[in-house]
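Here are my notes on the model, set out as numbered points for discussion. Please read them with the structure open beside you.

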Amino acid sequence: MKEQMTSIISFLINKEVFAFDTLKVRNILEFDKVTWVPNTKDYLIGVINLHGNIIPIADLRMMMGVENVENGQDTAVIVVSEDDKTDSLLGFVVDGVKEVFDLDESELKESVINGNTGLVHSFTGSLHKNDEFIHIIELSEVVQEIEK
Amino acid sequence: MIDKFKAKFVEESNDNVHDLEEALLLLEKDTSNNEIIERIFRAMHTLKGGGAMFGFNQLSEFTHHLETVFDLVRNNKLSVTDDIISLTFESIDHIKNMLEMGDVDDADELANQAAFIQRVQQFSNSDAPAAAPVASASSASTVKDDGSKTFLITIKPNEEILRNGTNPFYLLDDLHAMGEAKVVAFYEKVPVLSNFNPVNSYCHWQVVLNTEESVNDIKDVFIFVEDECEISIEEIGSGNLLTAEAISSTIEEASKLQKSLTKEDLIAKAAASIPGQDKKETKKKVQLKEHKISSIRVNSTKIDELVNLVSELVTIQAQLNLFAENDGNPAVLALAENIQKLSRQLRDNAFSISLIPLQSELMRFQRLVRDLSKELDKDIDFVIEGGDIELDKNIIEHLTDPLLHIIRNAVDHGIEMPDERIKNGKAPKGTILFKAYYSGASVMVEVMDDGKGIDPEFIRNKAINKGLIDANTELSRKEIFELVFLSGFSTKEEVTDVSGRGVGMDVVKKKIGEIRGEVSLDSEIGKGTTLTLELPMTLSIIDGLLVKVFKNQYVIPIANIEKIHALDTVSFGKTFNHVVNIDDEQYPFIDLRESFETEVVNKGTEQLILVKYEDRKVGLLVDQVIGEYQTVVKPLGRFLKKQENISGASIMGDGTIALVIDTNRLIHNNAVKKYRTKN
């Protein structure tokens, strides 16, 4: 663990549960129309207008190698920012947002992921809760990948 | 609190230093211009006074010595030499340092300063008066000319002056301390008792003062009350005129009758008692309170914020318009229209606030050219045209580095040594012309030198040597000069101290590109080189044409658009070659659907937009032209920087997004190699 986390937001991708550090999350939106930007990577599906700011949207499902992504009622956009600058706002499309809960560090174990997570390689840790494994994604790595 | 004042002082002093520098450069060209000398003196004086007030004591002391030198110059006791000017330039740098660091107590630094002051003092102490002292006082004077002068000083305090604890009597005491003084008090403004407010001041004074001190020393008395008083200091003549009968009786009479003394009156009286008094001397009139505050200083982040807010307002206003139209309620429509008018005005105002004249940046370049040419023993004139052209401050900020580089290049590589110039039949003095002007929605900046120019063949060979182009490539003249902007290209064989510090013209191009500008170079051997920058006036708002490509809306800046054609007036040439025929001319074109990699849904109803690209025209094929649209451009953010075809995004009235196409980049990326035209 690099830094202290107090709580996490869990979400679904292809029926598996992942999570972000709550402190990095700025907004959760319903998935709506996205304006596609030409000549960009496939998983960068476009930009949205959030309170007058232009926010790029990345499909986290596509980044993680999910084939046949489908948008349903629960599909959501989690807007994150590593620092507080508008420049670093970034939206991730996920299959659905689950819950916010406090994290007990002692519950955290090293993530056991068997390869198939696409462009997302780095995890802060995993925990077992209510018969589910929740993998916490290291945001900075994902952001770096997008910026590449 | 005091830190805040200090910061303010430093900020203002930087302006003064700036002014000083500017004046000094002028003085160098016209060493006997009294107005400029006066201006220099004033700037120094303000620095000195402010420095002492805000705890920059070393600055104040140093400036005092410098001021002394210029006081001599001002009084024609010392003439302006190159040495003085050079020393003053050095001093200005020193002052800048001192402003940055404040008072220091490092021993080395102090010794440094002392040495510097000594150098300055050399000028003021040298007793050989280089210029003939002005023969002002006539010898037939009945009043003894003892080097003193007589002044008429008028002090008119505001009514509120007492409220901040200033006692005007102390000012009078100070004046008395400087020499012989006669004071006339005017109290006709004092109201009847019932209207009398004891915290207000109703009096004003006139003082006839004979002193050996200079006008500036008199001004020093008022340094803290400048804003609360109307003060004028007028010189009546040399010598102690108070001893003259006519003058003292005039003063007494004025006091009795409550009649103001005037300079003219006193001079006339003085002249009557002193036959042959030189009247020229009295022309000098120094008024402290001569200008009203015409501008205020605002933190630039506040302006950025204002511009952002206005941009938001414009967006929301567009939404309101849309709503009002759909709603159809005439009252709402009228309101929306009014708000539209207001927000347009507000927008124009806000944007004009963030525009600043180029002049503000040019001073440092003038200085640069001067210093560099001295260093390289070259003789160069830096001429500025269009310094009043205004640009967005963000653009100007981005412009400094590229311009610095361009001008350095011109001085170092462009202009030849004087003897070489003479050999080539040119004037020994080189010229660098900086020219700015409006051209459509852009501002053009040209830096032109009359130096040796660049041989296109040389560039070509060098590019071949460096492996940048193939030896067989056919290139137009313009294209050859473009090579200079490729990375890894630097024309000077050896790296010199002045330019060629590892950054080349490619950096210039990149920097200018960052502010959506273009840069080009042209040169003629033996005649000189011209660098042209084309810059947008503001970064955040553009007039655009809204078009549709596949499902998305895009904005093309109208400034770049030449003409719009419906497809039926256009006939495609050999389509594999991407050329269209319009009115018997062939143009290359880019199918946006192709370059954006989208589906083609409505073949046959497309429209072609002819846009300018460098010195030719290129067509852009779009699905549909929607209309004209004025728009606020928002950045796409760092995650989408990689793609270059889109320079920003704009939020439409209904909240959807239209992307702004950077046509120059688009054409460059897609086509520049394919569509090379022979020329």
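1. In this predicted model, helix α2 of chain B has a series of buried positions, namely B:Ile36, B:Ile37, B:Ile40, B:Phe41, B:Ala43, B:Met44, B:His45, B:Leu47, B:Lys48, B:Gly50 and B:Gly51. B:His45 and B:Lys48 deserve a look, since they are among the residues counted as buried in α2(B).

2. The helix itself covers residues 34-53 of chain B, 20 residues in all, and spans 28 Å from its first C-alpha to its last, which is close to the 28 Å expected at 1.5 Å a residue. After α2(B) comes B:Gly55, where phi is positive, near 80°.

3. B:Leu47, one of the buried residues of α2(B), can be related to B:Val10, which belongs to helix α1 (residues 2-29) of the same chain B. The two residues are separated by 37 residues in sequence, while their C-alpha atoms are 9.7 Å apart in space. Because B:Val10 has 15 other C-beta atoms within 10 Å, whereas 20 or more would be needed for a buried residue, B:Val10 counts as partly exposed.

4. Turning to chain A, its 148 residues include 36% that count as buried, and the chain holds two helices and ten strands. Along the sequence these elements follow the pattern β-β-β-β-β-α-β-β-β-β-β-α. Among contacts in chain A with a separation of 6 or more, 54% are between residues 24 or more positions apart.

5. The contact between the chains draws on 20 residues from chain B and 16 residues from chain A. On the side of chain B that touches chain A, the elements giving two or more residues are α10 (300-327), β22 (646-651) and β23 (657-661), and β22(B) makes the largest contribution, with three residues. By type, this side of chain B consists of nine nonpolar, seven polar and four charged residues.

6. The largest nonpolar core has 79 residues, of which A:Ala19, A:Val47 and B:Leu659 touch the most other members. Both domain 3 (307-354) and domain 5 (541-671) of chain B give residues to this core, so the core lies between these domains. Apart from neighbours within four places in sequence, A:Ala19 is in contact with A:Ile8, A:Ile9, A:Ser10, A:Phe11, A:Ile134, A:Ile136 and A:Ile137. A second core, separate from that one, has 36 residues, including B:Ile395, B:Leu403, B:Ile415 and B:Leu521.

Conventions:
Residues are numbered from 1 along each chain as its sequence is written. Chains are lettered from A and ligands numbered from 1 in the order in which they are written. This is a predicted model: local features need pLDDT of at least 70, side-chain atom pairs count only at pLDDT 80 or more; totals for chains, interfaces and linings use all residues. Two residues are in contact if their C-beta atoms, placed from the backbone, lie within 7 Å. Helices (H or I, at least four residues) and strands (E, at least two) are DSSP runs, numbered from the N terminus. Ala, Val, Leu, Ile, Met, Phe, Trp, Tyr, Cys and Pro count as nonpolar, Asp, Glu, Lys and Arg as charged, and the others, Gly among them, as polar. A residue is buried if 20 or more other C-beta atoms lie within 10 Å of its own, exposed if 12 or fewer, and partly exposed in between; C-beta atoms are placed from the backbone. A nonpolar core is a set of buried Ala, Val, Leu, Ile, Met, Phe, Trp, Tyr and Cys residues joined through C-beta atoms within 7 Å. Domain bounds come from an automatic or database domain assignment. The expected span of a helix is 1.5 Å times one less than its number of residues.
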